[in-house]
Structure formats: C-alpha cells, structure tokens
Amino acid sequence: MMYSAPAARQAAEYAAAALGFSALGVAPADADQGTYLADWLAAGQHADMVWMERHLAARQNPQLVLPGVRSVIMLTYEYAHADARRAPGRIARYAQGEDYHKLLAAKLADIDETLQFYGGTQRCFTDSGPVSERFFAARAGLGWIGRNGLLIRPHLGSYCFLACILTTLELPYDTPTANRCGTCHRCEQACPTGALNNGCCDARKCLSYWTIEAKCDEDAATALSHGDRIYGCDICQEACPWNRPRQEQRVDPHLLMPAPLSKLSPQDLASLSTAEFEQLFAGSPIRRIGNAHLKRNIEKLTE
Ligand code: B12
Ligand code: SF4
Ligand code: SF4
C-alpha cells in the first residue's frame, strides 16, 4: 500500500479509540531528553533498580531499541479515579484490577498490525521496555510532567497508564502542552517521605518503591512506617487538583478491584497461605511481589 503519513496516523487513532485508549499523541523519536535520566541515576535515586543503569543508553536513544525508528506513538489508558480499597491497607489504584501489562500488550499488538499495513515496523511497550514513557508522552502533547513527576493531562489528571509504539513510519508530530502546575506544590507537601523535589521522585524515599521493588527488609521497616500503603502509593496523585473526583468515568472493568479482594481486611491478607495468595492475585500485578513481600508490607502497618 502507498504510505501516507496522515492516513497511517488516522488509522492508528481509530484503532486506539476502538481498543479503549483515551488519547494518542506522536513525538519525534530523536527528541532531546537532556541529561535528566543520567543525572538521576548518577545521584543514585534509582535505589537498587540496577536494570535502569543497564537501560540508560537505549532509553536515551530509541534507535538502539528499534533501528530506523522515526516516531514514538504515545497512548493513555484510564484506570479508576475512585479508590476501591480505603485505609488501612491501601492498594494503589493502578494495581487494583488485572495486570495492565498483559491487558495493554494485546491491544498494542492490534495497532501494530494496523501500522504494518502502512509499511511500518513497530515495537510496543507499556512499562515493559527501555523507553522514557513520561518524556515522550509530554513531547507528544498528551500533558505535562508535574511536580509529582507524573504525566498530568489538562482536566483529566494523572490516573492513566502510558503505552508506547516505536515505529519506523514518520507520522505527523504533536506539539508539547504548557506546564500548568503554576504555584501549586501540593504533591510535594503531601508526600509523607519527602521523596519529591522539583518534578523528580527519589525512589530511595518513595513508598511505591518500598512496597513493590525493595527487597531489603531492614530498610523497608523505616520507609513503610510512614504510611498506610501496602502496594504502591497514590498520595502525590490524590493531592493533585487535576485529579479531583469526576462525576462520570468509564473504566475498563478488567481494571476494577474484584469483590473478594475488596472485602478482605489487612489482617486477612496477611494471613493468606501461599496457595490462597496465588489464587486471589492470579492475573493481578500484585502477584509479582509474592506472598512474603505483601505480608511484610502489611505487618509494618499493623505492628
Ligand atoms: C522506574 C519507575 C518507577 C520507580 C521510580 C520512580 C521515578 N522517579 O521514576 C518507582 C517504583 C518508585 C515508581 C513509582 C511510581 N510509578 Co513508575 N515507572 C517507572 C518506569 C519503569 C521508569 C521511570 C523512569 O525512568 N524514571 C527515572 C526518571 C528520571 O525518568 P522519567 O520519570 O521517565 O523522567 C523523564 C522525563 O520526566 C524527562 N524530564 C523530566 N523533567 C524534564 C525536564 C527537561 C528539561 C527535560 C528535557 C526532560 C525532563 O526526563 C526523564 C528522562 O527522559 C516508568 C515506565 C517507563 N518505562 O518510563 C513507570 C511509570 C513512570 N510509573 C508509573 C506509575 C503509575 C507510578 C506510580 C504512580 C505507581 C504507584 N501508584 O505506586 C508511582 C509514582 C511515583 C512518582 N511520583 O513518580 C506510570 C506513570 C503514568 C503517568 N501518568 O505518568 C509509568 C509511565 C508506567 C506506565 N507505563 O504507566 N515508578
Ligand atoms: S508515590 Fe507516595 S512516597 Fe512516592 S513520591 Fe508520591 S507520595 Fe511520595
Ligand atoms: S499537585 Fe500541584 S504541583 Fe503537584 S503535579 Fe498537581 S498541579 Fe502540579
């Protein structure tokens, strides 16, 4: 088929909308990311996530991820604004339902197929590859990077997953939007551990890191004593005025918390056998940390 950039972009947009993505933007693959990530790594703010060091070169040069890449298509997919599991024992909103990696990978594969029709070669990721997703989402005009480090969309806030498609097609690019944080510093003030500094989140202090990634039990004790979070943390998003509750929000039912989980107390969760844990969290992102790690997070709340 004759390649027409606007037609290829429009086809991707139709496919994305039909698959439930809430927005699509396109950034040039060679956009300059500056030294932000390198500086963050050099300062040790990635804690023990050493895989981030290994990915530095690829993150800064998408050509190493997909040779010949010209455009980065960025997409957003909504998850629930409402918190289905309140304190104590909060689970971050993004992790209350099914694992988004699997859910979105299948949808991205469909868009990939559409773009192949236009002669494109693609690689697709959602939190699964060496791509600076927030940077490209902002460059693709989907929103701005807030003082909480997250991509904030005007009037839609930050409760969304990001997904990306690297493509060899040169598609029409979008223009970045202005940063609208203004004089607000609510996220920084709300963070219980002081992890935020000028749009930069120091993983060494972040409860999301401590509840999901950190392996060291001793250090975890201090960090976890700061909050009521047992998996992930939404405090800097809850504080953000752009995330104020909306009357109506359509959310993919796969991302809603299953009723059996919402009924369990933190003590119930802490007393699950491994077999019960596996059954309850089958298909959930929480399964990844394992029963012992979840117990550790809960015990720090109830001690
Ligand atoms: C590692 C990681 C974490 C770590 C480290 C956090 C951190 N500081 O980045 C931990 C485990 C702590 C974490 C926590 C969370 N994460 Co996380 N995380 C990632 C991951 C895998 C990499 C992020 C990264 O590279 N960080 C290092 C920093 C330096 O890079 P960066 O944030 O991408 O910043 C770039 C831009 O911001 C840009 N930049 C910023 N300012 C400026 C200024 C200038 C001038 C320039 C040129 C560039 C620039 O430069 C950076 C490099 O390109 C991404 C997925 C991905 N592949 O990108 C998800 C991702 C960022 N996480 C996500 C989410 C949802 C979360 C949590 C909300 C989960 C939760 N509820 O617990 C928290 C929020 C914590 C926070 N306030 O940031 C979403 C964000 C969605 C959104 N709306 O923004 C992502 C995109 C995953 C996804 N696909 O949906 N996360
Ligand atoms: S996720 Fe929680 S601990 Fe991490 S920066 Fe935001 S408020 Fe602070
Ligand atoms: S709370 Fe305020 S400063 Fe923080 S991201 Fe939202 S608007 Fe920006």
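**Close-up views of a predicted model**

**View 1. The second largest pocket holds about 230 Å³ of space.** Welcome to this predicted model; we start at this pocket. It is lined by 13 residues, and those closest to its centre are Gly20, Ser22, Glu78, Arg250 and Val251. By type, the lining divides into five nonpolar, three polar and five charged residues.

**View 2. Four strands form an open sheet with antiparallel pairing.** Reading across the sheet, the strand order is 1-2-7-4. Strand 1 (23-28) and strand 4 (122-125) are the edge strands, each pairing on one side only. From one strand to the next, the twist averages 20 degrees.

**View 3. Strand 1 and strand 2 run antiparallel, with helices packing on the sheet.** Six bridges join strand 1 to strand 2 (residues 71-78). Look for alanine 27, whose bridge partner in strand 2 is valine 72. Helix 1 (residues 5-18) touches strand 1 and strand 2, and its direction makes about 145 degrees with that of strand 1. Helix 5 (residues 100-117) touches strand 2, strand 4 and strand 7 (160-167); the direction of helix 5 makes about 35 degrees with that of strand 7.

**View 4. Cysteines are among the residues around ligand 2.** Here you can find Cys191, Cys206, Cys233 and Cys236, with neighbours of the ligand including Pro192, Thr193 and Ile235. The shell around ligand 2 divides into nine nonpolar residues, one polar and no charged.

**View 5. Arginines and cysteines are among the residues around ligand 3.** The arginines are Arg147 and Arg186, and the cysteines are Cys181, Cys184, Cys187 and Cys240. Trp242 is also one of the residues around ligand 3. This shell divides into seven nonpolar, two polar and two charged residues.

Technical notes: Residues numbered from 1 in each chain as written. Chains lettered and ligands numbered in written order. Predicted model: local features only at pLDDT ≥ 70, side-chain atom pairs only at ≥ 80, totals over all residues. Heavy atoms only, no water. Near = heavy atom within 4 Å. Nonpolar A, V, L, I, M, F, W, Y, C, P; charged D, E, K, R; others polar. 1 Å grid on protein atoms, 1.4 Å probe; cavity = no way out; pocket = protein on both sides within 12 Å on 5 of 7 lines; lining within 4 Å. Points joined across faces, edges and corners; volume = space filled by probe spheres on them. Pairing = 2+ DSSP bridges. Helix = DSSP H or I, 4+ residues; strand = E, 2+ residues; numbered from the N terminus. Axes fitted to C-alpha atoms, helices over the stretch in contact; angles between N-to-C directions. Contact = heavy atoms within 4.5 Å.
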